[in-house]
Amino acid sequence: MVSVGSARTGRPRATSRAALERLGFELFARRGFDDTTVDDIAAAAGIGRRTFFRYFASKNDLVWGDFEDQLTRLESLLAAADPDRPMMDAVREAVVEFNRFDPAVVPWHRQRMTLILRVPTLQADSAVRYASWRVLVTEFAARRLGRPASDMLPRLIGSTVLAACVTAYEQWLADEDADLSTLLDLAVRQLADGYRDLPPRG
């Protein structure tokens, strides 16, 4: 583990987003998110504050990683869904695939989601970012239903799918033996029963 506030002797400088994320997570695990500063992370990485801010706009951004790029991936998965596939089946399959990770990445992702879902100071930021996620599902549902995205039904679908996914993640964090893909599949599958056979607006 990294010594808090200083880089290890002989440790190469961390000059990539991924390396800074790992160092940040190590420090968060040792000191807690609130008690770890940008200066701590920069010092552990052997870089200055200005260099840190070339990679991340804030400490919160480090926790979220490449979230904007991941949103683009979710949007692509939804766009590629078979138009003949039932809407909620398409959403479920896209969500499960979106949240599929290489086994080597899973421990880091678990730590990331623990911070996002359990650290109070990250909650406001989480709400803003999850709103962007929810919009993609809402817009997909609106297209499938032939309704404006501002209608209540597509918005309800977007909100409840997000809630189902967050619940699956909470269960995953509570049970280290659980499989994330299985939980997500189950959560959205159970939710989907309430949206079966929704006719498009004529």
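Student: How many aromatic pairs does the structure hold?

Tutor: The structure holds eight aromatic pairs, a pair being two rings of Phe, Tyr or Trp (its six-membered ring) with centres within 6.5 Å. This is a predicted model, in which local features need pLDDT of at least 70 and side-chain atom pairs count only at pLDDT 80 or more, while totals for chains, interfaces and linings use all residues. Residues are numbered from 1 along each chain as its sequence is written, and side-chain values use heavy atoms, with hydrogens and water left out.

Student: Why is the pair of Phe25 and Trp108 called stacked?

Tutor: Planes under 30 degrees apart count as stacked, over 60 as edge-to-face and the rest as tilted. The ring planes of Phe25 and Trp108 stand at 25 degrees and their centres are 6.2 Å apart, so the pair is stacked. Phe25 lies in helix 1 and Trp108 in helix 7, 83 residues apart, where helices are DSSP runs (H or I, at least four residues), numbered from the N terminus.

Student: What makes Trp64 and Phe67 edge-to-face?

Tutor: Their planes meet at 70 degrees, with the centres 4.8 Å apart, so the pair is edge-to-face.

Student: Are Phe25 and Trp108 buried or partly exposed?

Tutor: Buried means under 20% relative accessible area, exposed over 50%, and partly exposed in between (1.4 Å probe, protein chains only). Phe25 has 1%, so Phe25 is buried. Trp108 has 21%, so Trp108 is partly exposed. Both residues belong to one aromatic cluster with Phe28 and Phe33.

Student: How do you know that Glu21 forms a salt bridge with Arg112?

Tutor: The rule asks for a side-chain nitrogen of Lys or Arg within 4 Å of a carboxyl oxygen of Asp or Glu. For Glu21 and Arg112 the closest N and O atoms are 2.7 Å apart, a salt bridge. Glu21 is in helix 1 (residues 17-31) and Arg112 in helix 7 (residues 106-118), so the pair ties together parts 91 residues apart in sequence. Glu21 and Arg112 are both buried.

Student: What makes Asp125 and Arg129 a salt bridge, and how are they placed in helix 8?

Tutor: Their N to O distance is 3.1 Å, which makes a salt bridge. They are four residues apart in helix 8 (residues 123-145), so about one helical turn separates them. Asp125, at 18%, is buried, and so is Arg129, at 12%.

Student: Why does Lys59 count as sitting over the ring of Phe33?

Tutor: NZ of Lys or CZ of Arg must be within 6 Å of the ring centre and within 35 degrees of the ring normal. The charged end of Lys59 sits over the ring of Phe33, 4.2 Å from its centre.

Definitions and conventions: Helices (H or I, at least four residues) and strands (E, at least two) are DSSP runs, numbered from the N terminus.
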